[in-house]
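Student: I would like a close look at one part of this model, taken slowly and with the numbers kept in view.

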Amino acid sequence: MSAPYIVANALGKSFNGTPVLADVSIAVEPGDIVGVLGKNGAGKTTLLELLLGFTPATAGSAHLFGYESYRLPGAAKARVGFVPQQDELINQLSAADQIGVIASFYPSWDDALVLRLSREWEVDLRQRIKGMSVGQRQKLSILLALGHRPDVLILDEPVASLDPVARRQFLEQIIEVAADGRRSVVFSSHIVSDVERLANRIWILKEQRMYWQGDFDALKESIVRVHVRATHALPASLAIPNVLRLQRNGTTATAVVRDWSADLQDRLARQLGAEVEVEPLTLEDIFLELHR
Amino acid sequence: MKAVLRLMVTYFTGTPLLRGITAFGVIGMIGGSAAFMYLPPLLGSQGGPSRFSLWQETVLTMLPVAGLLSFALGASLLPALFARLASSHYIYVLPYGRAKLLASAFATLTLVALAVALVVLGYYYRSPFALDLVFKRAFAISLLTCSLLYTVLWLTGRSGSAIGLLVGALVTIATLVLPIRFIAWPSQPLAGYWVACALLWGAFAAAFALAPRYKGAFARLKQALIGRRLGASYDGGGEIDFLIGTARPWMLALGQVIPILIATYFLNGFQRAMAPSAPTPWLFFLTILSILSGAAASIAATRSRALWLRAHWTRAELFRRVEDAFWRHNSYALGVLLVMLVGVGTYFYVPTSTLAFGMALLMLGTALSTYVGLMITRRLGWIDACLAVAVMLALMLVAIYASAPSTRAGKVVALEALLVVTALVFRDIARRRWTNLDWMLCRADTHVRAST
């Protein structure tokens, strides 16, 4: 197994004593597509910026390709692509000139890929950036991050300004990037369906901490909605382990449970003498349940 | 190397307009210098018959200079592009981004300074002077001047605030005064210039390289030293002043004293014995400052949207209120300039008539730049930009003319009357534009370009 591209241990950041991220430990292996979820202010952008070394950590450590992120050498930077939340393009230039400027910093640049994507995404390379729509600018930002075929692509809410067609094209491209199993993608998004469609690993940040992380399938198996149906009234002190939310109505109860397992299902059925039915949740449902 | 070259090419050719300006500059410099060197005797004054008429000689003589100015202007994307890349996340993820960006800026300025030195060399090619000394002197002075000049563009372009404009004014004065001092004293050794260049670039490079590491500490220091007193809180003035940024007129007004005192030191070291032509640079610098204080009005249209939403005013009434607010704001700065003019003028025995013309000129400078600022209600177009530049040049020319010893008072009065009429016309244009103000066309970056 190859070494992880990104490793963070007990990573934390605080501004003037106010913590904005605390105790985050993660690893990103080659081939991972990680979706980062969290409410506004949960610490998603801070986490991504710490991983890229934009700002020094106030606790713990972050490493990228084995180097401390904050002191990343130039050769390692050539293996990273980044799309910021708001584009940082140069208004005065044409799209082609902007691409030319950014491309010149990298030892290798895939012109054919950029040209193909610009055609597919309908980005007019002759147009001045100042005259582009927000969506066009975002597409161009993504092109700039993909052109040097980075090993690690980090995107901070990359699809927020894109229409559904462009979003789908973008997602297909990300899958293509990670398809060879050598590259990794970490992206944050509020569009949970996109994360569900794309990611094989999920990080959920809540109140500046990593609330849950792991494979997407494991998350779906871990957090479920449980329906309990008994022929008699359920006990007043109905205790379901790791319950996130519980609704009871005489002989029936519905609960959302974390760390669910088949053992727990059997045990609960025996204890209550009731039928226990498990309903898998969509990622959006899981996210909403975690934040109720 | 590839990135440095690409950045340099982009600075000069990033837009179609810059491509044209740069091309003209290169052709003008090379063609003009070649004509100057290989078509002798060009000037009849150098002895021997000239094969050209006077106007042809004038064109040929001025062509390299025009080319040089165009070439330097061609790189005017440097401050904007540098600032944009330096403040973006790209600088963190581009391989060796910070070093390459800095190298490209230094190489561009060196190239411009080299072009200046070569053109100057062309001028002195057939003279008896030692060409290596001419080259060194021209290169040193132009490298420092260009460095300061682009720093002015960067400072004024990145900040629409009074402090940004003040710092810009400070560097503008240095840009104008240092070469004058150098030219005035040609026997002065070059070492001082090289040291100044090294210090300027050393400080800039150190600040740029260490910026990410000490950004937090610098922000805290700035907050402790300046923010609490000047910028971070607001506890006075009306709502209109707060929304359109005219709440602290004293800051700009008192801040002007510093560049004036520095210019005083550089011009004559506070010595009262002055040559007859000495009032000229004085009036010139003070007129520039009066224009600068008025430039703050260019932010008015963008920032007035919040006022429009909150107050039940017509657009015409909004214009009157904003105009009043800016006059209130700028009158503080104008007041300080007038006091400085009278104070400095009295100290240096400047003639009373010059002081009187100067006072009127400062008022006109403030009025004209205020209305030019208020006229900017959408993207800064070519006509507005040319108009603004023409007015600024006119003000400076009148300043030079008014302070000359042989000036006729009637002519100065007539010129100033013409400027009064221009100010009234500008006010009328601004009022009409505000009557049809469209905030969709008022981009936030408009005032930055305008103030630049």
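Student: How many residues does the contact take from chain B, and how many from chain A?

Tutor: In this predicted model, the contact takes 34 residues from chain A and 29 residues from chain B. The area buried between the two chains is about 2800 Å², and carbon and sulfur atoms give 59% of it. On the side of chain B, the residues that lose the most area to chain A are His89(B), Tyr90(B) and Val93(B), which together account for 24% of what that side buries.

Turning to the polar part of the interface, 7 residue pairs are in polar contact between chain B and chain A, counting pairs with both residues at pLDDT 80 or more. The side of chain B that touches chain A receives at least two residues from each of helix 1 (2-13), helix 4 (77-86), helix 5 (90-93), helix 6 and helix 9 (191-231) of chain B.

Across this interface the rule finds 1 salt bridge, whereas the structure holds 22 salt bridges over all chains. The pair that crosses between chains runs from Asp97(A), in helix 3 (residues 95-103) of chain A, to Arg6(B), in helix 1 of chain B. The side chains of Asp97(A) and Arg6(B) meet at 3.2 Å, N to O. Arg6(B) has a relative accessibility of 27% and therefore counts as partly exposed, since the partly exposed class lies between the cut-offs of 20% and 50%.

A salt bridge within chain A can be set beside this one. The side chains of Arg201(A) and Asp215(A) meet at 3.1 Å, N to O, and this pair links strand 9 (residues 201-206) with strand 10 (residues 209-215) of chain A, the two residues being 14 residues apart. Arg201(A) has a relative accessible area of 18%, so that residue is buried, while Asp215(A), at 40%, is partly exposed.

Finally, there is the nonpolar core, for which the general expectation is that nonpolar side chains in soluble globular proteins tend to be buried together. The largest nonpolar core has 130 residues, and Ile6(A) and Trp203(A) are those with the most contacts inside it. Helix 6 (residues 97-123) of chain B gives the most to this core, with 10 residues, and the core also draws at least three residues from each of domain 1 (6-213) and domain 2 (223-290) of chain A. Leaving aside neighbours within four places in sequence, Trp203(A) is in contact with residues including Ile26(A), Val28(A), Leu47(A), Val186(A) and Trp212(A).

Note on methods: Residues numbered from 1 in each chain as written. Chains lettered and ligands numbered in written order. Predicted model: local features only at pLDDT ≥ 70, side-chain atom pairs only at ≥ 80, totals over all residues. Heavy atoms only, no water. Core = buried A, V, L, I, M, F, W, Y, C linked by side-chain atoms within 4.5 Å. Buried < 20%, exposed > 50% of the residue type's maximum accessible area, 1.4 Å probe, protein only. Helix = DSSP H or I, 4+ residues; strand = E, 2+ residues; numbered from the N terminus. Domains from an automatic or database assignment. Contact = heavy atoms within 4.5 Å. Buried area = accessible area lost by both parts, 1.4 Å probe. Salt bridge = Lys/Arg side-chain N within 4 Å of Asp/Glu carboxyl O. Polar contact = N/O pair within 3.5 Å; in protein donor to acceptor, adjacent residues only side chain to side chain.
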